[in-house]
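Biologist: Got a minute to walk me through this model? I'd like to start with the DNA.

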2 protein chains.
Amino acid sequence: MANPTSLQILLETSLPAAIQTEIEKLILVGELCPGQRINEALLAERFHTSRGPVREALRALEECGLVRAERNRGSFVRSVSLGEADEIYDLREVLDEFVGRKLAECILAEQLTQLRSFLAEMDVAVARKDLTGYHQINLRFHETLVDFVGNSRLSATYRRLTKELLMYRLHGLKEGGGFSVSNAEHKTIVKAIASRDPERAGRALRTHASDSRTRMHRAAIAAGSRVAR
Amino acid sequence: MANPTSLQILLETSLPAAIQTEIEKLILVGELCPGQRINEALLAERFHTSRGPVREALRALEECGLVRAERNRGSFVRSVSLGEADEIYDLREVLDEFVGRKLAECILAEQLTQLRSFLAEMDVAVARKDLTGYHQINLRFHETLVDFVGNSRLSATYRRLTKELLMYRLHGLKEGGGFSVSNAEHKTIVKAIASRDPERAGRALRTHASDSRTRMHRAAIAAGSRVAR
DNA sequence: GGTTTGCCGATTGTCTACAAATTACTGATT
DNA sequence: AATCAGTAATTTGTAGACAATCGGCAAACC
């Protein structure tokens, strides 16, 4: 707890909301590990606040699935198993196909150029072998795709699932390689959308999700042979 | 605020969670109307507790979309517009098709008999012209279908969307008739699943969702011609 | 007359305090 | 040495109190 942690958002939104996103960061960045117990007082101290707002943030995080609460025992960082990750991928395949179909029908020219700029950025990241940078853009790319559909519930659902999937990754694998492959798929996706063929675009996105799941499985197997559990 | 409201769940789960479901009921039953401001102190008094747990419950409800919060102004019951309901139906069509495909592959004999008992119950409700009873069973029927897939995230997502859809109904329409039609569709769905044909089952469920949306639209138009907005 | 300014009540947001429960620890006992 | 009971120390859950903010109303001003 060297630095008191940013929390600059404060003015924009409410304090509990700011704490919520901050705790979320701590989880997704791995400072709070899956299964670990969350100490309210410590977090309150860290954010220079009292336990009230922290508790509110934890309730919100519980509702969105990042945290699990046990009565009189406190909150724990949810640990997402491979099986659960698989469940999430089942959903993502379905949603992604829907995204592809919709986008083929309704995407605008300027949106396509924006997608292409993401592709270029990812190419750069690949060339530099900048894995973390690549993943950042990759996330933004997919979220942008979903947002372009213009369905707020879809976006919300997608983001929720994505976060849980990120949590699984934390469980103990370092991301099995082959991210240049992933970028080739991204280009296929954009081309398919640009072709305005719903069938093709839907298939492209679904395939990408499916391949992504396969990569996860490979990484899981690799990690499984390295570490005990 | 005649009766102090049940809240018996208390022992099973945490107090904030109990309050959350209780407020949820108040919303879905229409005692708290869409757009209405939620007074924390009043709710706390009603549940014989302090504002802390109530605030935690409201945070959770905000995260799951039933409530909207404005800084320094409090929480309001979310009002779901027709446009948003449409968004939700877009998603439900996709998810329901997925449910159909999956169930055609994996459903068990005993699960089928359970579904058929729902059909019978609904027939009874139709015969009695018991609208509210029918809707209760209808909800349970669809939730059961989704649960049979065995994907917890799917179930959670589906329930979330269903709740929001229920909120739209509250906005001012009394459910345009034709619920015997809906029940005929339910039978088609069960038959399609029992046939073990994923394509057919998927189509049946998707069609049902689509028709359900159409019914909503008709009801909305009817309500629109009755009331100002 | 219409707009602005300043107060007042009501409500939210946060903090501190305390009770209840759980966990960790100590020491005796088998 | 291991186990179990009993006690101390954390930690959670809730209550109550106080400051900050918002909305409305009336008086003052242009």
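Modeller: Sure. Keep in mind that this is a predicted model. Around DNA strand D there are 16 residues, and the closest are Arg51(A), Arg55(A), Leu15(B), Thr49(B) and Ser50(B).

Biologist: What share of the strand D atoms that come within 4 Å of the protein is sugar and phosphate?

Modeller: Sugar and phosphate make up 76% of those DNA strand D atoms.

Biologist: OK, give me some polar contacts there. Which side chains sit by a phosphate oxygen of strand D?

Modeller: Arg55(A) has a side-chain N or O atom 2.6 Å from a phosphate oxygen of DNA strand D. With Thr49(B), a side-chain N or O atom is 2.5 Å from a phosphate oxygen of that strand. Then there's Asn72(B), whose side chain puts an N or O atom 3.3 Å from a sugar or linking oxygen of DNA strand D.

Biologist: And which elements give two or more residues to that surface?

Modeller: From chain A, strand S1 (37–38) and helix H3 (51–63); from chain B, helix H1 (15–28).

Biologist: How does the surface near strand D divide into nonpolar, polar and charged?

Modeller: Three residues are nonpolar, seven are polar and six are charged.

Biologist: Now strand C. Which residues come nearest?

Modeller: Leu15(A), Thr49(A), Ser50(A), Arg73(A) and Arg51(B), out of 17 residues around DNA strand C. Of the DNA strand C atoms within 4 Å of the protein, 74% belong to sugar and phosphate.

Biologist: What's sitting at the phosphate oxygens of strand C?

Modeller: Arg73(A) has a polar side-chain atom 2.3 Å from a phosphate oxygen of DNA strand C. Ser50(A) uses its backbone: an N or O atom there lies 2.6 Å from a phosphate oxygen of the strand. A polar backbone atom of Asn72(B) is 3.3 Å from a phosphate oxygen of DNA strand C.

Biologist: Which elements give two or more residues there?

Modeller: Helix H1 (15–28) of chain A, plus strand S1 (37–38) and helix H3 (51–63) of chain B. By class, the surface near DNA strand C has eight charged, six polar and three nonpolar residues.

Biologist: Switching topic: how many aromatic pairs does a search of the whole structure find?

Modeller: Two, over all chains. In chain A, the ring centres of Phe118(A) and Phe141(A) are 6.3 Å apart with the planes at 75°, so that pair is edge-to-face.

Biologist: Where do those two residues lie?

Modeller: Phe118(A) is in helix H5 (residues 109–127) of chain A and Phe141(A) is in helix H6 (residues 131–149) of chain A, so the pair ties together parts 23 residues apart in sequence.

Biologist: Buried or exposed?

Modeller: Phe118(A) counts as buried at 5% relative accessibility, and Phe141(A) counts as buried at 0%.

Biologist: What about the other pair?

Modeller: That one is Phe118(B) with Phe141(B), edge-to-face, 6.3 Å centre to centre and 75° between the planes. Phe118(B) lies in helix H5 (residues 109–127) of chain B and Phe141(B) in helix H6 (residues 131–149) of chain B, so here the pair ties together parts 23 residues apart in sequence. Phe118(B) and Phe141(B) are both buried.

Biologist: Let's do the sheet in chain B. What's the strand order?

Modeller: S1-S3-S2, in an open sheet of three strands with antiparallel pairing. S1 and strand S2 (67–70) of chain B are at the edges with a single partner strand each, so one side of each has no neighbour in the sheet.

Biologist: How many bridges join S2(B) to S3?

Modeller: Four, between S2(B) and strand S3 (residues 74–77) of chain B, and they run antiparallel. Arg68(B) stands opposite Phe76(B) in S3(B).

Biologist: And what links S2(A) and S3(A)?

Modeller: They form a hairpin with three residues between them, and Asn72(A) in the turn has a positive phi of about 65°. Strand S2 (residues 67–70) and strand S3 (residues 74–77) of chain A pair antiparallel over four bridges, with Val67(A) opposite Val77(A) in S3(A).

Biologist: Last one: where does Arg78(B) lie?

Modeller: Arg78(B) is in the loop between S3 and helix H4 (82–106) of chain B. At 16% relative accessibility, Arg78(B) counts as buried, because the cut-off is under 20%.

Biologist: Which side chains does the Arg78(B) side chain make polar contacts with?

Modeller: Glu84(B) at 3.5 Å, and Glu164(B) at 3.5 Å. Leaving aside neighbours within four places in sequence, Arg78(B) is in contact with residues including Arg153(A), Pro34(B), Arg68(B) and Met167(B).

How values were computed:
Residues are numbered from 1 along each chain as its sequence is written. Chains are lettered from A and ligands numbered from 1 in the order in which they are written. This is a predicted model: local features need pLDDT of at least 70, side-chain atom pairs count only at pLDDT 80 or more; totals for chains, interfaces and linings use all residues. Side-chain values use heavy atoms; hydrogens and water are left out. A residue is near a molecule or strand if one of its heavy atoms lies within 4 Å of it. A polar contact is a pair of N or O atoms within 3.5 Å; within protein, one must be able to donate a hydrogen and the other to accept it, and residues adjacent in sequence count only if both atoms are side-chain atoms. Ala, Val, Leu, Ile, Met, Phe, Trp, Tyr, Cys and Pro count as nonpolar, Asp, Glu, Lys and Arg as charged, and the others, Gly among them, as polar. Rings of Phe, Tyr and Trp (its six-membered ring) pair if their centres lie within 6.5 Å; planes under 30 degrees apart count as stacked, over 60 as edge-to-face and the rest as tilted. Buried means under 20% relative accessible area, exposed over 50%, partly exposed in between (1.4 Å probe, protein chains only). Two strands pair if DSSP finds at least two bridges between them. Contact means heavy atoms within 4.5 Å.
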